[in-house]
Amino acid sequence: MEERINKEKKKVGILGGTFDPIHVAHLILAEQAWQQFKLDTVLIMPSGDPPHKKEREITSASHRVRMLQLAIEDNKHFKLSNVEVEREGTTYTAETLTGLCRYNPDCNYYFIIGADSLFQLEQWRQPEIIMSHSILLAAVRGDYKMPQLEERIDYLKEQYDAQIYLLHTPDIMISSSLIREHVQRGESIRYLVPKDVEKYIYQNKLYAKGA
């Protein structure tokens, strides 16, 4: 498996999501990927119209992108990527990776996902494209059931010739939905998001009840 990684290419991580809003757990995950796998950079990639988030209205891309800019501006190895936000229609990971590999043949892409996603990956559009165009970094926390995960990884490697590595990250129970709920209830989000993101949320009345 290892021979598919061209050591002369740049090592580029991808952390995608709606980031509505971005929070410190996202940033810690990206930083851990950069450090543990010695990546050159990590692309923080907000989605435009994700297929799995139809149940609620997503904050406008302009607000989500601006919060990302504020969150990562002091980290030289994080870079904002708008490739999915700028694409019309529903965004799919397979299409994104295909385009990135076509236009950036000098890069190896490391796609960061939660370990749970390995069990749903075959339901994604063109999973074979995702696994042939990227190295998967599966983020695991301390309490994860490793035998089940290892069995799943072995299956994906056998079935798709996938390259999958475990990314160890602190168990931080923060989510974007939690932050939205705190704002709606008038509760503090201090230290859950970067200071400038917190300020932006309040200035623009994002997530407030009735907004």
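Let's start with what helix H6 packs against. The buried residues of H6 touch two other helices, H1 (24-36) and H7 (195-203). Keep in mind that this is a predicted model.

Which residues of H6 are buried? H6 covers residues 176-184, and the buried ones are Ser-176, Ile-179, Arg-180, His-182 and Val-183. Look down the axis of H6. The buried residues fall within an arc of 160°, so they line one face of the helix. That face holds the residues that pack against H1 and H7. After H6 comes Gly-186. The phi of Gly-186 is positive, near 75°.

Next, helix H5. H5 runs over residues 146-160. How far apart are its end C-alpha atoms? They are 21 Å apart. Now check that against the expected span. The helix has 15 residues, and at 1.5 Å a residue they should span 21 Å. The two values agree.

Now the two sides of H5. Leu-149, Arg-152, Ile-153 and Leu-156 are buried. Seen down the axis, these buried residues of H5 fall within an arc of 100°, so they also line one face. Turn to the face away from that buried side. There you find exposed residues: Pro-147, Glu-151, Asp-154 and Glu-158.

What does the buried side of H5 pack against? Its buried residues contact one helix and two strands: helix H4 (127-133), strand E5 (135-140) and strand E6 (164-168). Asp-161 follows H5, and its phi is positive, near 55°.

On to the strands. Find E4, residues 107-114. Is E4 largely enclosed or largely open? Seven of its eight residues are buried, so the strand is largely enclosed by the rest of the structure. Buried here means under 20% relative accessible area.

E4 pairs with E1 and with E5. Strand E1 (residues 10-17) is joined to E4 by five bridges, and the two run parallel. Pick out one pair: Ile-14 has Phe-111 in E4 as its bridge partner. E5 is also joined to E4 by five bridges, again parallel. There, Ile-112 is partnered with Leu-137 in E5.

Here is a general point for reading strands. In a regular strand, side chains alternate between the two faces of the sheet.

Last, the path from E4 to E5. How is the unit of E4, H4 and E5 handed? Together they make a right-handed β-α-β unit. And recall that H4 and E5 are also among the elements that the buried residues of H5 pack against.

How values were computed: Residues are numbered from 1 along each chain as its sequence is written. This is a predicted model: local features need pLDDT of at least 70, side-chain atom pairs count only at pLDDT 80 or more; totals for chains, interfaces and linings use all residues. Side-chain values use heavy atoms; hydrogens and water are left out. Buried means under 20% relative accessible area, exposed over 50%, partly exposed in between (1.4 Å probe, protein chains only). Helices (H or I, at least four residues) and strands (E, at least two) are DSSP runs, numbered from the N terminus. The arc is that of the directions from the helix axis to the C-beta atoms. Contact means heavy atoms within 4.5 Å. The expected span of a helix is 1.5 Å times one less than its number of residues. Two strands pair if DSSP finds at least two bridges between them. A crossover is right-handed if, with the strands pointing away from the viewer, the path from the first strand over the helix to the second runs clockwise.
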